[in-house]
Amino acid sequence: MRSTLSLWQIVAVFSLVVAVVVFGAAFAVDLSSARPDPVPFDQTVQRGITMADEQRALGRDISIPRAEVFYSQYRYVVGYVGLDRTVAALTEPGHEQQFGYPLAVYVSDYSGAEVRCDENGTLRTDEATGWVPASEAHYVVNGSARAPSGPVVVPFGTRDDASAFADRCGGRVVDWSAVRHHSFEEDGAVTVREQVDDRRATANETVQTARTLETRPVSVVVGEDAPTVEAAIDAAPPNTTVVVPDGVYPERVTVDEPITLRGRNATLDGGGNGTVITVAADRVALTGLSVTGAGNRTVGNTSTGDGGAWDATVTAAYGNSDAAVTARNTSELYLANLTVETPSSGFVLRRTPDTVVENVTVNGTASWEDGFMGIVGMHADIVVQHSTFHGGRDGIYLHRAGGTVVRDNHFYDDRFGAHLMYTSSALVADNTARGQEYAGVVVMTNPEGNAIVGNDVRDAGSGIMMAGSRSYVGHNVVANTTRGLSANAGRSLYEHNVVYGSNIGIIAATVLPSNTVTENDFVANDRHAVSGPGPLRWYTEDGRGNYWSGTYDLSTDGGPTLDQPYSPTDTVDGRLHHTDAATVLRSAPSIHALRALRGTTPGFRRGSIVDTHPLSEPANPETVAMLQNQTTTEESS
């Protein structure tokens, strides 16, 4: 219901905002025609590398060419890691409209440095590089030089140094114009959207292969052929099945042969000491068991990490916790139809590629602070599907588990439902999350290429929190949260999401706005959007924006989009779905003039979102209607 806030109250608030904006604009930077000097790279707003690649580069002394760009309408210097990312940004459609023209572009200068390629082509130098204007540099392209993310373009201040490097590492020498027109292969957010079906299909193949482990012939039955589960495992020939009949078995076991351990209403009880089942072989299957009595150690011994790896401490701490099931350095496991009661972790899976977890239930602690992860997946891709996670810290926690598929799972009353760290190219699809303390789905540490699709998150602190770049967030439902979508992933595509009944619909959190946000529905939120610092953000693509409930008061010619732009972060527009007075104030000539000024003057562009073609009807009408009907039913009951 709309409030009765008076027109004059809104005018007073808006006048204060205008005064603040005008006062701030008086101190805007005066951009002269002189070319600015380079700045230390750590003082730039950085783009272009995942945190995992950055850590690998630091740990192995890998050098990655960089660039920094000064823009005419952006107050910060933007630093790009990798010249391919620099060129991609400078040639993005609408990039100049967002940031203005480049006042200066500097690139790393490898002239004078002892730069080399090792036997794998990795670019290395023991010396700090300086800066050279991009237009004056000479570039080696199509050579063997590589960084963790792939081939690199290497710039030099002199042509002789560039030619000498090309002689050693291959490639050819070109100028800045050629680099700007060079074809760099890059998977953008649209490409990630197109990969969703392929990722599903690949997961289907992995699941079908894993399920064949259920058909192994029975060789040993516990209680008939062997007195204990451990004895049965020891007696079973490889590629056969051990049957565990009805009963409770007070054992902790190790499976070190490729066998299938199949329970028939059987429970393994570890007695509250350590991990209950340890898997130490490839192609092991565990099915039809209940597991209880894991120890309550939620953090492992950090002194037993993976040597000098940059993430050794995290690996040891999270990957050595007590668990119902632990597997390390194995592959193609099948863990299905298992029920776990645990005060710590349910499953800890380290370097277990092509492992499938399906139809499991993990019951963790009632308070998430007391427990740990339902599943820990580290250093390899896995598939987790059709499973349920109650309580504990995180339902599924992934660390450097690129390519993992998490789909059709249910998360209840934990800290995070699905939590991705240093994990790129994952698919998180069609999961439901309810009652999360912080978020249903959270992606951290600047990964890239993730697809978050078709999830349903409700009654949580946040719905979906994204970080990183070049990701696809589509067809999700977020309802009754404090924060619906946190769009902190740059160069990403957000489309066909529905955010309903939340305190804040979407938070535009990137300092460097570069996302496409279109055909989403923001309905019945207290505030549809909040924007952080940065240039104006355009939430329209190809003439279609988003649906914002309350904009139906704007005049329209009956077409699919309204004939007036809408700014959900504007003091007046942001009140349209709350008070009729905002509609009157919006038509004032002074408001139109201020909007025009904000759209053309750099000092007035910060921290705003504008949808130039807001939709007149929801883009996802069936989903919106379903949420509205559910709300009506709940209110009347």
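**Exercise 1. Is Arg434 buried, partly exposed or exposed, and what is its relative accessible area?**

Work this out on the predicted model above, then find the salt-bridge partner of Arg434 and place both residues on the chain.

*Solution.*
- Start with the accessibility. Arg434 has a relative accessible area of 24%. Buried means under 20% and exposed means over 50%, so Arg434 comes out as partly exposed.
- Now look for the partner. The side chain of Arg434 meets that of Asp456 in a salt bridge, with 3.2 Å from N to O.
- Next, put them on the chain. Asp456 belongs to strand E37 (residues 456-458) and Arg434 to strand E34 (residues 432-434), so the pair is 22 residues apart and links distant parts of the chain.
- Check the other end of the pair too. Asp456 has 14% relative accessibility, so this one counts as buried.
- Don't stop there, as Asp456 has another contact to offer. Its side chain also forms a salt bridge with Arg458, at 2.8 Å from N to O. Asp456 and Arg458 are both buried.

**Exercise 2. Describe the salt bridge between Asp311 and Arg400, and say how it sits within the full set.**

*Solution.*
- Take the total to begin with: the structure holds 16 salt bridges.
- Zoom in on one of them. Between Asp311 and Arg400, the N to O distance is 3.0 Å.
- Trace the two ends along the chain. Asp311 is in the loop between strand E19 (285-292) and helix H9 (312-319), while Arg400 is in the loop between strand E29 (394-399) and strand E30 (405-407). That puts them 89 residues apart, in distant parts of the chain.
- Then compare each accessibility with the cut-offs. Asp311, at 2%, is buried. Arg400, at 24%, is partly exposed.
- One more item for your list: Asp84, Arg85, Glu448 and Arg470 are joined in a network of salt bridges.

**Exercise 3. Which strands pair with E14, and which way do the residues of E14 point?**

*Solution.*
- Look at the side chains of strand E14 (residues 241-244). Thr241 and Val243 point one way, Val242 and Val244 point the other way, and all are buried.
- Why the alternation? In a regular strand, side chains alternate between the two faces of the sheet.
- Go to one neighbour. Strand E13 (residues 218-221) pairs with E14 in the parallel sense over 3 bridges. Here Val220 has Val242 as its bridge partner, and Val221 stands opposite Val243.
- Follow the chain between these two strands. From E13 the path runs through helix H8 (residues 229-235) to E14, giving a right-handed β-α-β crossover.
- Now the other neighbour. E14 pairs with strand E17 (residues 260-269), again in the parallel sense, over 4 bridges. Val242 has Leu261 as its bridge partner in E17.

**Exercise 4. Describe the largest pocket and the largest cavity: how much space does each hold, and what lines it?**

*Solution.*
- Pocket volume: the largest pocket holds about 1000 Å³ of space.
- Pocket centre: 37 residues line it, and the closest to the centre are Pro93, Ser514, Asn515, Thr516 and Glu541.
- Pocket elements: those giving two or more residues are helix H4 (95-99), helix H7 (189-211), strand E42 (493-495), strand E45 (516-518) and strand E48 (537-538). H4 gives the largest share, 4 residues.
- Pocket chemistry: sort the lining by class and you get 13 nonpolar, 14 polar and 10 charged residues.
- Cavity count and volume: there is 1 cavity of 30 Å³ or more, and about 50 Å³ of space lies in the largest cavity.
- Cavity centre: among its 13 lining residues, Ser344, Gly364, Phe372, Gly391 and Gly392 are the closest to the centre.
- Cavity chemistry: the lining splits into 4 nonpolar, 8 polar and 1 charged by class.

**Exercise 5. Where is Thr50 found, and what separates its C-alpha atom from that of Pro148?**

*Solution.*
- Find Thr50 on the chain: it is in the loop between strand E1 (45-47) and helix H2 (51-59).
- Check its accessibility. The value is 6%, so Thr50 counts as buried.
- Finish with the distance. Thr50 and Pro148 are 98 residues apart along the chain, and their C-alpha atoms are separated by 9.8 Å.

Technical notes:
Residues numbered from 1 in each chain as written. Predicted model: local features only at pLDDT ≥ 70, side-chain atom pairs only at ≥ 80, totals over all residues. Heavy atoms only, no water. Buried < 20%, exposed > 50% of the residue type's maximum accessible area, 1.4 Å probe, protein only. Pairing = 2+ DSSP bridges. Right-handed = clockwise from strand over helix to strand, strands pointing away. 1 Å grid on protein atoms, 1.4 Å probe; cavity = no way out; pocket = protein on both sides within 12 Å on 5 of 7 lines; lining within 4 Å. Points joined across faces, edges and corners; volume = space filled by probe spheres on them. Nonpolar A, V, L, I, M, F, W, Y, C, P; charged D, E, K, R; others polar. Salt bridge = Lys/Arg side-chain N within 4 Å of Asp/Glu carboxyl O.
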